[in-house]
Amino acid sequence: MTVESVLGSARGVLSPETGDIDRGNDGAVIVSIETYALAVPLARPIADATAAMSHWTVPVVEIRTADGRVGTGISGVHCAPELLADVIGKYYGPSLLGASSEDIHGTWKRLYWLPTHWMGRAGVMHMALAMVDIALWDLAAQRAETPLWRLLGGIASDIEAYNTDGGWLNLSESDLARDLLSLVDDGWRRVKIKVGKSDWNEDADRVRAVRRAIGDKVTLMCDANQRWDLATASRIMPILEEARMDWVEEPLHADDLTGHARLQRSTILDIAAGESIYSYQQFTSFIEADAFRVVQVDATRVGGVTEWLQVAAHAAARGLRVAPHAGDMMQVHQHLVGTVLSEVSPLIEYIPWTRDAFVERSIVSEGYLKRPQLPGASTAIDPVARSRWQIRGVGGIFTS
């Protein structure tokens with residue numbers, strides 16, 4: 001049996017054949033799908049508690065419709081963009097080609113309940129679904145001739161940002177303090193550092209050094225990237241409280257709901273998590289367990305814009321802060337923040353690594369994000385950037 005015949009024979013009961021679905025507007029019908037990836041170089045080598053990087057990889061899907069529009073979906077990964085491209089082209093493609101790009105929720109459910117559901121409700125399968133969903137929302141905003149944030153009913157005012165492009169774990173203690181002070185001197189009032197050294201006492205020294213350097217008026221966060229166990233996190237928490245951390249991000253393994261809940265009950269600080277949580281159902285479990293107070297839902301990890309909105313609305317209704325992790329380097333999230341009702345002011349993570357890869361680049365001035373103005377989701381790739389940074393051998397073009 002060929003690969004094609006195996007793929008063709010695998011269809012979920014909840015995922016009807018494309019031909020069985022009303023296509024609606026003929027111009028909105030999907031006629032081709034292209035996948036590829038960029039390796040965008042960083043300004044300097046960086047490291048956190050789990051990874052060292054010199055590039056950030058941007059997997060891309062472009063969905064073309066019969067009327068000539070192209071919707072672009074993106075993700076952000078350390079490695080293996082070919083896996084996402086393969087899922088979209090080989091497994092999701094047959095359920096997309098010939099279908100309506102306007103059927104966003106229907107497409108989401110159809111792809112989610114393909115037999116690939118058994119292969120993974122998180123990770124590669126779900127991130128590929130997110131890319132497709134983002135591309136469809138990009139098309140919807142283009143068709144409405146408006147930026148996505150306006151299509152979603154978002155607030156028009158500038159959005160406060162915090163700076164993650166500093167405070168890396170590979171910096172010495174003195175360089176770390178200078179790095180954060182330089183951000184403050186540039187006008188940033190919210191900054192984040194990495195923690196997660198093999199000896200938590202070294203983390204404690206680094207946190208104290210940064211607080212001394214930046215003073216008392218700057219908001220400081222820290223991110224452990226899941227490197228502590230509950231005992232270690234409990235030992236260092238008094239030092240982090242003394243340093244007046246705004247939040248402590250991913251202190252424990254991302255799946256340790258009980259540990260997060262116990263840690264949150266033990267401290268006055270806010271626990272933050274979400275970049276490694278992939279579904280509305282899992283977020284709901286953390287919220288119901290009072291396991292964190294800062295919800296960092298990322299549209300490239302959950303199932304795109306569709307699932308992001310569901311998580312954010314649920315979290316905001318519980319009075320929690322929604323401050324998305326930006327695996328997309330802000331491009332999509334600059335449209336999503338401020339689109340759900342909340343008593344808490346919206347906040348976005350500033351990471352400028354891939355700005356030059358896009359036609360419409362995010363703009364942050366004096367610590368505030370300017371709302372984008374072009375129709376769409378700000379995901380269209382700059383052709384010059386593609387020619388410079390495209391990874392050979394990743395992706396392909398698929399037509400009906």
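Axes are lines fitted to C-alpha atoms, for helices over the stretch in contact, and angles run from 0 to 180 degrees between N-to-C directions. With that in hand, let us work through some exercises on this predicted model.

## Exercise 1: Helices H2 and H4

Describe how H2 packs on H4, and find the classes of residue in their contact.

*Solution.*
- Step 1. Two packed helices are described by the angle between their axes and the distance between the axes.
- Step 2. For helix H2 (residues 81–96) and H4, the angle is about 65° and the axes are 9 Å apart.
- Step 3. Now look at the handedness: the crossing of H2 past H4 is right-handed.
- Step 4. On the H2 side, the residues that meet H4 are Leu83, Leu84, Val87, Ile88, Tyr92 and Leu96. Their partners in H4 are Val124, Met125, Met127, Ala128, Leu129, Met131 and Val132.
- Step 5. Sorted by class, this contact of H2 with H4 holds 13 nonpolar residues, with no polar and no charged ones.

## Exercise 2: The nonpolar cores

Find how many residues the largest nonpolar core has, and which helix gives the most to this core.

*Solution.*
- Step 1. The general idea is that in soluble globular proteins, nonpolar side chains tend to be buried together.
- Step 2. Here the largest nonpolar core has 111 residues. Those with the most contacts inside it are Tyr92, Ile193, Leu240, Phe292, Val305, Trp308 and Trp353.
- Step 3. The helix that gives the most to this core is H4 (residues 124–143), with twelve residues.
- Step 4. Another core, of seven residues, lies apart from the largest one, and Tyr162, Trp247, Ala272 and Val294 are among its members.
- Step 5. Back to Trp308: beyond four places in sequence, this residue touches Val297, Asp298, Ala299, Val302, Val322, Pro324, His333, Leu336, Val337 and Thr339.

## Exercise 3: H7, H8 and H9

Decide how H8 lies relative to H9, and how H7 lies relative to H8.

*Solution.*
- Step 1. Helix H8 (residues 230–242) and helix H9 (residues 257–266) have axes 11 Å apart, at an angle of about 30°.
- Step 2. Angles under 35 degrees count as roughly parallel, so H8 and H9 are roughly parallel to each other.
- Step 3. H8 passes H9 in a right-handed crossing. In this contact Leu230, Ala233, Ser234, Met237 and Glu241 of H8 meet Gly259, Arg262, Leu263 and Ser266 of H9. The classes are four nonpolar, three polar and two charged residues.
- Step 4. Helix H7 (residues 200–214) and H8 have axes that come within 10 Å and cross at roughly 10°. H7 and H8 are therefore roughly parallel to each other as well.
- Step 5. Trp200, Asp203, Ala204, Val207 and Arg208 in H7 meet Thr232, Arg235, Ile236, Ile239, Leu240 and Glu242 in H8. This contact has six nonpolar, one polar and four charged residues.

## Exercise 4: Three residues and their surroundings

Work out whether Leu263, Asp246 and Ala49 are buried or exposed, and list their contacts beyond four places in sequence.

*Solution.*
- Step 1. Use the cut-off that buried means under 20% relative accessible area.
- Step 2. Leu263 lies in helix H9 and has 1% relative accessibility, so Leu263 is buried. Leu263 is in contact with Leu230, Ala233, Ser234, Met237, Pro251, Leu252 and Ile271.
- Step 3. Asp246 sits in strand S7 (residues 245–249) and, at 19%, counts as buried. Asp246 contacts Arg190, Thr219, Leu220, Met221, Asp270 and Arg321. Its C-alpha atom is 6.7 Å from that of Leu269, a residue 23 places away along the chain.
- Step 4. Ala49 belongs to the loop between strand S1 (30–47) and strand S2 (52–65), and its 17% makes Ala49 buried. Ala49 is in contact with Leu169, Val195, Gly196, Ala224, Asn225 and Arg227. Ala49 and Leu169 are 120 residues apart in sequence, with 6.8 Å between their C-alpha atoms.

## Exercise 5: Positive phi angles

Find where Met330 and Ser378 lie, and what their phi values are.

*Solution.*
- Step 1. Most residues other than glycine have a negative phi.
- Step 2. Met330 has a positive phi, near 85°. Met330 is in the loop between strand S10 (321–322) and helix H12 (333–336), and is buried at 0% relative accessible area.
- Step 3. Ser378 also has a positive phi, of about 65°. Its loop runs between strand S13 (368–370) and helix H13 (383–389), and Ser378 is buried, with a relative accessible area of 6%.

Technical notes: Residues are numbered from 1 along each chain as its sequence is written. This is a predicted model: local features need pLDDT of at least 70, side-chain atom pairs count only at pLDDT 80 or more; totals for chains, interfaces and linings use all residues. Side-chain values use heavy atoms; hydrogens and water are left out. A nonpolar core is a set of buried Ala, Val, Leu, Ile, Met, Phe, Trp, Tyr and Cys residues joined through side-chain atoms within 4.5 Å. Buried means under 20% relative accessible area, exposed over 50%, partly exposed in between (1.4 Å probe, protein chains only). Helices (H or I, at least four residues) and strands (E, at least two) are DSSP runs, numbered from the N terminus. Contact means heavy atoms within 4.5 Å. A crossing is left-handed if the near helix is turned anticlockwise from the far one by less than a right angle, and right-handed if clockwise. Ala, Val, Leu, Ile, Met, Phe, Trp, Tyr, Cys and Pro count as nonpolar, Asp, Glu, Lys and Arg as charged, and the others, Gly among them, as polar. Angles under 35 degrees count as roughly parallel, over 145 as roughly antiparallel, 65 to 115 as roughly perpendicular and the rest as oblique.
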